[in-house]
Each structure stands twice: as C-alpha cells, then as structure tokens.
Amino acid sequence: MKRAAFDTGRAWVEIDINSLIHNARVLQKALPAGCRMMAVVKANAYGHGDIEVAAALSREGVDAFAVATADEGIRLRWYGIKGEILVLGYTDPQRIPELVRFRLSQTIVDAAYAKELDWAGRPLQVHIKVDTGMHRLGESCEHVGGIAQIFRCGNLKINGIFTHLCSLEGNRPDDIAYSGLQAQRFQSLLDALKARGITLPRAHMMSSYGVLSRYGTGHGYARIGIALYGAASLQSEGRYIDLRPVLALRANVALVRTVPAGESAGYGRLFIAQRETRLAVVTIGYADGVPRSLSCGKGSVLLRGRSAPIVGSVCMDQLTVDVTDIPDVERGDTATLIGRDGPAEITAAQAAMDAGTIPNELLCCLGGRLERAYLYCPAERLGAAEEG
Ligand SMILES: *Cc1c(COP(=O)(O)O)cnc(C)c1O
C-alpha cells in the first residue's frame, strides 16, 4: 500500500482489538458447557501487548488469565487486571510474598515443590500440574498418593488441577493416539483422587489446538493462546472456527534504487542481480524480530498489494526486497510483512513456515523496538486500555 493508515514512521505492529474480541467470542461459543476461557497472555500476549489484550478481554467478561512468570502476572495486576491469574512456569519460593500480595495462582511443578510452598506458611493460591506424558513440569500422574498429599497442605488454596498435551498440533494417528492416552491418564488420576474422597477443583487440559480439534470435554478451563490471536498454524480434523488475524507487521520503504545485472546487494553479497533490478530498502530487521531465516527469497513482503521477495540477508535494522515487477513503489510506501495489503495477504502461519518456525515463536519475538498501534472500534464501545 502507498501509506498505511497507522504509519508510525519506521516499523510497527497493528493490533486489531475488534478481531481479538471476535476470536474470544467465537472461541467461547465453541467451548463445551461449563468450560471457561483462560486467556494465555504470556510473552507480552504473544507480541500483541499484554495489558491492552488483557484489558480488552476483561471487558469482554474473560476473568482468567495465564502468564509464564510471576513478573508478567504482577504487571497485569499493576494495570488493574482482575480475576484468576495463573503463573504457568516455575517461581522461586523466595518470591512467595509477591505471589500472595498480587493474588497470583502458582503452578505446583511437583509434589516436593508443593511442600516447600506450604512450609513458607503463607496462604497461597495454586493449580496442581500433573505430568501425563510431556515430561516437562508436573507431578507424575502415577503418584496418586503424592498428589493426594498436596490437597492436605494447609496453606495452599487449590484453584485447579491441570495437565498439558504435547502432540495436539500434529494430525498423525500416533499424535492423536498420544493425546488420547494423556487425556485417559489425566481422567484416571482425577477418578483416583475422587475415590480418596478429595473434592476436585477445576480440572483443565485443553489449549488452542485442543479446542480447535474438539479434544477433551467437560473441562474446567481451556487455556487459549495462539487461537485467540488468530494465528493458529492448522485447524485440525474438521473443526472450523472463524478466527481472524489480530496482528499486522509493517514497515516503510526508505529508498528505491536500480542496480545493473551482475551487481550484488547486502552482507556477504548473497544476492547477485540476474537482470537490471529495482531494489527497495525496508526499515525493519532482525532486531525487530524478522527472522534472518527469511533471507534470500525465503520470505517476502507485500508492496502495493503485490509480493516482493526478500533479497540477500535480512540485516539487523533493514532488509531489501526486489520490486522490479512493481514499478510504482516509492519512498514512504508501506511494506507488509504479516497482514493484508489490498487483495494480498501474508498470514503469521505462512511467514512462520517460510522462516522454518511456528507462528508462536515468530509473534513473541517481535521486538520491543517496534511501535504498537491499537485499533479499536468505537461502535463496540471498546475503550483504551487505561480505562480498564
Ligand atoms: C503456552 C501454554 C498454553 C497456550 O498454548 P496455545 O497453543 O498458544 O493455546 C497452554 N498451556 C500451557 C501450559 C502453556 O504453556
């Protein structure tokens, strides 16, 4: 496009809060009865801006959030986010006073950790994590006795018990079978705890791909990240949910120059012009989060509604594209790296595939140097984040 409406001068992301709200609504409708959405806003809401995203979702009635670290949770509280905030990662026990003060729920990473937290003598909210086969965090689902003991820790208020499925993204029969096995192990554990007379808190295991593939039923929460941002890499097994991309990544054209055939461009002279070539220099680079693996034609940008391949290597602050076939490109034009430009679109899933990664990594690596422009629709009465 010639000039984006929200051009901030160099390189920026546009976050369409209306699409976020749309996604939250259709996902909530897709959840089984009684299942609540826990919006996953870790890593700055996958690069979308944690406070703005959480505030908009709060206004939409979402009252449970998940973050990776205590500091991410504390930030949400500072900005007035209410409700359940679950810290999914490990927190050093020396930070218990902060967990208590900011009413964060801490994930119990194993039974010994539960004892450590309990011995600190402060009333702490927790969710128990159970390992059903991912072998990352969680007490083994086979240690029913050890997990049952956590329920006897007087200082721990247990708000939930959960597991994480590790092969949801795949569609191969053995991926599906493994998810089934994990779900079965989780259910057996819950049954065993119930048989010991334990009143179970909300149990949860679904994440985005679980919801999209209709995996699991009747669970307490669905922990949804990438689907909320409309950037899931696949919609598996016949479940279509109308999710809209929330984020666009754009930058400006600094200059356009023509080089004769045989000339090189960029570091390492990785590009050699095979013909007289018009090159446009775009003001964004790997320090902004554009993967270097998009160099040398692996990735492209949209200019004036058409695709222009990246030539040579992506630099720290700039990259160069071939615009020989898009003759009207000029300085100040807006290049789109993720998002729509007229009839053309590059989705986060496409850009991630070109870069040899997944949309989650691509999005959460979008750097702090990028400006962020938030689009709200007044008709929907969505105010700015400061109001929340
Ligand atoms: C990040 C994370 C999620 C969210 O996963 P998505 O695939 O983005 O929905 C859910 N649960 C846990 C434990 C996570 O770490």
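In this predicted model, strands E11 and E14 (residues 277-282) pair in the antiparallel sense, with six bridges between them. Val-253 has Val-282 of E14 as its bridge partner. Strand E11 spans residues 247-259 and also pairs with strand E1 (residues 11-16). That pairing is antiparallel too, over five bridges. Here Ala-11 is the bridge partner of Ala-251 in E11. A further strand, E18 (residues 334-341), runs antiparallel to E11 and is joined to it by four bridges. Ala-251 stands opposite Ala-335 of E18. Ala-251 thus recurs in two pairings, as partner of Ala-11 and opposite Ala-335. In a regular strand, side chains alternate between the two faces of the sheet.

Confidence in the model was examined next. The mean pLDDT of the protein is 93. A value of 70 or more is reached by 95% of the residues. Residues 379-388 have a pLDDT below 50. This stretch has 20 contacts in the model beyond near neighbours in sequence.

The nonpolar interior was then considered. In soluble globular proteins, nonpolar side chains tend to be buried together. The largest nonpolar core of the model has 123 residues. The residues with the most contacts inside this core are Phe-65, Ile-161, Leu-228, Ile-284, Leu-303, Leu-319 and Val-321. Another core lies apart from it and has six residues. Val-259, Ala-265, Leu-279 and Val-311 are among them.

Phe-65 illustrates the packing in the largest core. Residues up to four places away in sequence are not counted here. Among the residues that Phe-65 touches are Met-38, Ala-39, Val-41, Ala-54 and Leu-57. Its contacts also include Leu-76, Ile-81, Ile-85 and Leu-86. Ser-58, Lys-82 and Glu-84 are touched as well.

Two of these contacts of Phe-65, Ala-54 and Leu-57, are buried residues of helix H3. Helix H3 covers residues 50-59. Seven of its ten residues are buried, so the helix is largely enclosed by the rest of the structure. The buried residues are Asp-50, Ile-51, Val-53, Ala-54, Ala-55, Ala-56 and Leu-57. Their cover includes three helices: H1 (17-30), H2 (42-47) and H4 (70-78). Strands E2 (36-40) and E3 (64-67) also contribute to this cover. Just after H3, Gly-61 takes a positive phi of about 100 degrees.

Helix H2, one of the elements covering H3, contains Ala-43. This residue is not a glycine, yet it has a positive phi of about 50 degrees. Ala-43 counts as partly exposed because its relative accessibility is 31%.

The loop between E14 and E15 holds two residues of note. Strand E15 comprises residues 300-303, and Ser-295 lies in the loop that precedes it after E14. Ser-295 is buried, because its relative accessible area of 10% is under the 20% limit. Leaving aside neighbours within four places in sequence, Ser-295 is in contact with Ile-310, Gly-312, Ser-313 and Val-314. Cys-296 is found in the loop between E14 and E15. Its relative accessibility is 42%, so Cys-296 counts as partly exposed. Cys-296 has a positive phi of about 55 degrees although it is not a glycine.

A second cysteine, Cys-153, lies in another loop, between helix H7 (144-150) and strand E8 (156-162). With a relative accessibility of 9%, Cys-153 counts as buried. Ala-114 and Asp-118 are in contact with Cys-153, leaving aside neighbours within four places in sequence. Ala-114 and Cys-153 are 39 residues apart along the chain. Their C-alpha atoms are separated by 7.8 Å.

The ligand site was examined last. The ligand has 14 residues around it. Those that come nearest are Lys-42, Tyr-46, Ser-208, Gly-225 and Ile-226. A side-chain N or O atom of Ser-208 is 2.5 Å from an oxygen atom of the ligand. Gly-225 places a backbone N or O atom 2.9 Å from a ligand oxygen atom. In His-164, a polar side-chain atom lies 3.5 Å from a nitrogen atom of the ligand.

Definitions and conventions: Residues are numbered from 1 along each chain as its sequence is written. This is a predicted model: local features need pLDDT of at least 70, side-chain atom pairs count only at pLDDT 80 or more; totals for chains, interfaces and linings use all residues. Side-chain values use heavy atoms; hydrogens and water are left out. A nonpolar core is a set of buried Ala, Val, Leu, Ile, Met, Phe, Trp, Tyr and Cys residues joined through side-chain atoms within 4.5 Å. Buried means under 20% relative accessible area, exposed over 50%, partly exposed in between (1.4 Å probe, protein chains only). Contact means heavy atoms within 4.5 Å. Two strands pair if DSSP finds at least two bridges between them. pLDDT is the predictor's confidence in each residue, from 0 to 100. A residue is near a molecule or strand if one of its heavy atoms lies within 4 Å of it. A polar contact is a pair of N or O atoms within 3.5 Å; within protein, one must be able to donate a hydrogen and the other to accept it, and residues adjacent in sequence count only if both atoms are side-chain atoms.
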